[in-house]
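Hi,

Here is the structure I promised to pass on. Have a look at it first, and then read my notes below.

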Amino acid sequence: MLLYIHVPFCRSRCNYCAFHSMAIGRDGSGAQMMSDYLDTLLLELAHYGDKLGKAPVSSVFFGGGTPSLLPPDIVGRILERIDRTFQLETKAEISLEANPESLSRSNKAADFLAAGINRLSIGIQSLDDSCLRVLGRPHKVQDSLNAVLAARTAGFTNISVDLMWGLPGQGVRQWLQTLKDVVRLAPEHISSYCLTLEPGTPLELDCDAGRLVLPPERDQNIMFMEGAAFMEKSGYLHYEISNFARMGFQCRHNLGYWEGEDYLGLGPSATSTIAGARWTNPASLAAWGNLAREKSLGKQAEILAPGTRLMEHIMLRLRTSRGLRLKAYKQLTGRDFLKDNQRLVQAMHENGLIRIRNGYLSLTRSGMVVSNAIISNIFERVEQTVGARPPRPGQIELPKIESGQMAIAGNARAGNEEIRKIVWPLAEEAQ
């Protein structure tokens, strides 16, 4: 089983964010909220310990929000309780998302390592201070450089960084320079997302008002294609549409989602899928707390229809470099995918969008660029041949995978912008 823990607190809310979070500021006013959150989280753990017994847990992921706002000793307490409640595997992957500014000027990275975190996911997002300001990020470029250095100095051997492309004012050359600078940081894992405009966010409002403009589609395609090629050339396996890793450092938690493993989500707004049933916690801290005290969490679970599970399987597997296992599709449906979809498969193959190898159908890099359209076409044909209805918009409720969302805006400069190289910190500057 995978375990996801949603930490809803942030210092401030980013302009692109649509995840459930609440800003607690710097005046200490969030101390009571954090205390209430911890009490409820431990109640929720006890509740599912009673329901699920000593279920083995292969990975734990603290996501948010900004989980690095939690004191390391609190993180340690949570992990100790998880180990007592479930069966935390000896070599479990234990990830924590961190904002750069929370790691760059203290011993917090070392304290998180001592608490039991063995994988840090650092939300760099951009190596341009002007882009960070547009995104509403609370850190600066130097914080990101110092944070990675601090994590490495503390002893972390599994560091992931999150990046966003297609940003306002970001051209193709600038994006590729960002990747070159990030590769020099030598993280084990890179998540690289093109932002999408989330409804109601300040960035969506700015774009609707014409204050920000999305980069041309051609530029976005080049950013994806050339960026992915550069990262693979630099030794990072392109193992999922938005994720790259050095050999052996693929995020095991995310792989579990894509493989269809059971996952338990704890915290406000967290989603769980266990034994074919799915439920989502209320977003409100108060409502979540009430359900925990009443021992009513998970009682509104939806039993997933076979068609929904099939569609999710197709969608998730096609996001990975390995792709859809054709034998597994036949086991789920009793039908031959290639025969049922012969004309579509032939057209996609002739256009270089898919490859079929060793019993798997997977998207090429060009296919990943138009993955939404490909999956939509496949859904339509599966509905006709298998009878499974494609999901309604928003019907497929999946856990958050790494941080960042696909988003946003940008005014691609003419392509000849001057690119400033990064000045690297000295070790003593990060201490």
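Glycine 359 sits in the loop between strand S16 (354–357) and strand S17 (360–363); helices (H or I, at least four residues) and strands (E, at least two) are DSSP runs, numbered from the N terminus. This glycine is partly exposed, at a relative accessible area of 37% (buried is under 20%, exposed over 50% and partly exposed in between, with a 1.4 Å probe and protein chains only). Leaving aside neighbours within four places in sequence, glycine 359 is in contact with Leu324, Arg325, Leu326 and Lys327, where contact means heavy atoms within 4.5 Å. From glycine 359 to alanine 328 it is 9.6 Å, C-alpha to C-alpha, with their positions 31 residues apart in sequence.

Before going further, some ground rules. This is a predicted model, in which local features need pLDDT of at least 70, side-chain atom pairs count only at pLDDT 80 or more, and totals for chains, interfaces and linings use all residues. Residues are numbered from 1 along each chain as its sequence is written, and side-chain values use heavy atoms, with hydrogens and water left out.

On confidence: pLDDT is the predictor's confidence in each residue, from 0 to 100. The chain has a mean of 85, and 83% of its residues reach 70 or more. Among its elements, strand S10 (residues 243–245) has the highest mean pLDDT, 98, and helix H7 (residues 202–208) the lowest, 68. Over residues 392–431 the pLDDT is below 50, though this stretch has 128 contacts in the model beyond near neighbours in sequence. Where pLDDT is low, the predicted coordinates should not be read in detail.

Now the inside. The largest nonpolar core has 101 residues, and Ile5, Val60, Phe62 and Ile117 have the most contacts inside it. (A nonpolar core is a set of buried Ala, Val, Leu, Ile, Met, Phe, Trp, Tyr and Cys residues joined through side-chain atoms within 4.5 Å.) Apart from that one lies another core, of six residues, among them Leu2, Tyr4, Tyr263 and Ala270.

What about the rings? There are eight aromatic pairs in the structure; rings of Phe, Tyr and Trp (its six-membered ring) pair if their centres lie within 6.5 Å, and planes under 30 degrees apart count as stacked, over 60 as edge-to-face and the rest as tilted. Tyrosine 4 and phenylalanine 61 are stacked, because their ring centres are 6.3 Å apart and their planes are at 25°. That pair links strand S1 (residues 2–7), home of tyrosine 4, with strand S4 (residues 56–64), home of phenylalanine 61, 57 residues apart. Tyrosine 4 is buried at 4% relative accessible area, and phenylalanine 61 is buried at 1%. Phenylalanine 9 and tyrosine 37 have ring centres 5.5 Å apart and planes at 80°, so they are edge-to-face. Phe9, Tyr37 and Trp288 form one aromatic cluster.

Two charges sit over rings as well (NZ of Lys or CZ of Arg within 6 Å of the ring centre and within 35 degrees of the ring normal). Arginine 246 lies over the face of tyrosine 236, 4.2 Å from the ring centre, and lysine 51 has its charged end over the ring of tryptophan 279, 6.0 Å from the centre.

Last, helix H5 (residues 141–154). Its buried residues include Val141, Leu145 and Val148, and helix H3 (108–115) and strand S6 (119–125) are among the elements that cover the buried residues of H5. Glycine 155 follows H5, with a positive phi near 115°.

Cheers
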